[in-house]
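Biologist: I'm new to reading protein models, and I'd like to learn how to do it. Could you walk me through this one, feature by feature?

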Amino acid sequence: MNNTKNPKAINAAKKYIQSKEQYLKTRSTWFYNILIAGAGLLGALVALSNNSREFYPVRVLFVLTVILLTLGILSVAIALYYDIFRSKRRQLEDYKRLQNIVSGANTDPTSLKGKSKTFFLFFDILTYVFFSLSFISLIVYVIAKNLPEWF
């Protein structure tokens, strides 16, 4: 039997190529950009702030903002790592399926077990929550820090 005209092999090869391309695209998704932006904002916030003379509630707001930004960066890093891991796992499954089809084996490879999509969605939602709360906290901190100057 000629494997080059086998439609199953062609479809499996196309699926493998698509999953490989998806894996390469995943590394440059918006999660990566959010990670860089969050780390840059956290670095600028810590480097440019001098809270030694501020009131206690203003300093607490600053610490809260830093903690929320740090947790947001951590959750987006975990989500990015897991997304890349899932893409790599899917690519490996497609490659094994292609090998089985080309070799003539009728068995479908067993799926690689791992954490479900809910794990990714949990950290995805957590990222939104932490970054939203840190943005609100940052706005309140800036207002509270500059409030005496406005009056």
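**Reading the model step by step**

Modeller: Let's start with one pair: the side chains of Thr65 and Ser137 make a polar contact of 2.6 Å. A polar contact is a pair of N or O atoms within 3.5 Å; within protein, one must be able to donate a hydrogen and the other to accept it, and residues adjacent in sequence count only if both atoms are side-chain atoms. Before we go on, this is a predicted model, where local features need pLDDT of at least 70, side-chain atom pairs count only at pLDDT 80 or more, and totals for chains, interfaces and linings use all residues. Residues are numbered from 1 along each chain as its sequence is written, and side-chain values use heavy atoms, with hydrogens and water left out.

Biologist: Is Thr65 buried or exposed?

Modeller: Here's how to sort residues: buried means under 20% relative accessible area, exposed over 50%, and partly exposed in between (1.4 Å probe, protein chains only). Thr65 counts as buried because its relative accessibility is 0%.

Biologist: And what is Thr65 in contact with, leaving aside its neighbours within four places in sequence?

Modeller: Contact means heavy atoms within 4.5 Å. For Thr65, with those neighbours left aside, the list is Leu45, Ser134, Ser137, Leu138 and Tyr141.

Biologist: Which helix holds Thr65?

Modeller: Helices (H or I, at least four residues) and strands (E, at least two) are DSSP runs, numbered from the N terminus. Thr65 is in helix α3. Overall, the protein has four helices and zero strands, so to speak an α-α-α-α pattern when you read along the sequence.

Biologist: What does Ser75 touch, not counting residues up to four places away in sequence?

Modeller: Ser75 also sits in helix α3, and beyond those places it touches Phe123, Leu126, Thr127 and Phe130. With Thr127, the side chains share a polar contact of 3.0 Å. The Ser75 side chain also reaches the backbone oxygen of Gly72, at 3.0 Å. Ser75 counts as buried, because its relative accessibility is 2%.

Biologist: What about the greasy residues? Which ones have the most contacts inside the largest nonpolar core?

Modeller: A nonpolar core is a set of buried Ala, Val, Leu, Ile, Met, Phe, Trp, Tyr and Cys residues joined through side-chain atoms within 4.5 Å. The largest one here has 19 residues, and Phe31, Leu45 and Tyr141 have the most contacts inside it. At least two of its residues come from each of α2 (30-48), α3 (56-103) and α4 (117-150). Helix α3 gives the largest share, ten residues. Another core lies apart from that one, with five residues, including Ala12, Tyr16, Leu98 and Ile101.

Biologist: Can we zoom in on Phe31? What is in contact with Phe31, leaving aside its neighbours within four places in sequence?

Modeller: Those are Val76, Ala79, Leu80, Phe120 and Asp124. Now look from the other end: Phe120, in helix α4, touches Phe31, Ala79, Tyr82, Asp83 and Arg86, again not counting residues up to four places away. Phe120 counts as buried because its relative accessibility is 12%.

Biologist: How do I see that residues distant in sequence can meet in space?

Modeller: Compare sequence separation with C-alpha distance. Phe120 and Tyr81 are 39 residues apart in sequence, and their C-alpha atoms are 9.5 Å apart. For Tyr32 and Tyr81, 49 residues apart along the chain, the C-alpha separation is 9.8 Å. Tyr32 belongs to helix α2 and counts as partly exposed, because its relative accessibility is 40%. Across the protein, of the contacts with a separation of 6 or more, 82% are between residues 24 or more positions apart.

Biologist: Which residues form a nonpolar patch on the surface?

Modeller: Patches are made of residues with over 30% relative accessible area and no salt bridge (a side-chain nitrogen of Lys or Arg within 4 Å of a carboxyl oxygen of Asp or Glu). Like charges are joined within 9 Å, and nonpolar side chains (Val, Leu, Ile, Met, Phe, Trp, Tyr) within 5 Å. Here the patch is formed by Ile125, Val129, Leu133, Phe135, Ile136, Ile139, Val140, Ile143 and Leu147, with about 760 Å² of accessible area together. Such areas come from the Shrake-Rupley method with a 1.4 Å probe; for residues, only the protein chains shown count as cover. Ile125, in helix α4, counts as exposed because its relative accessibility is 52%.
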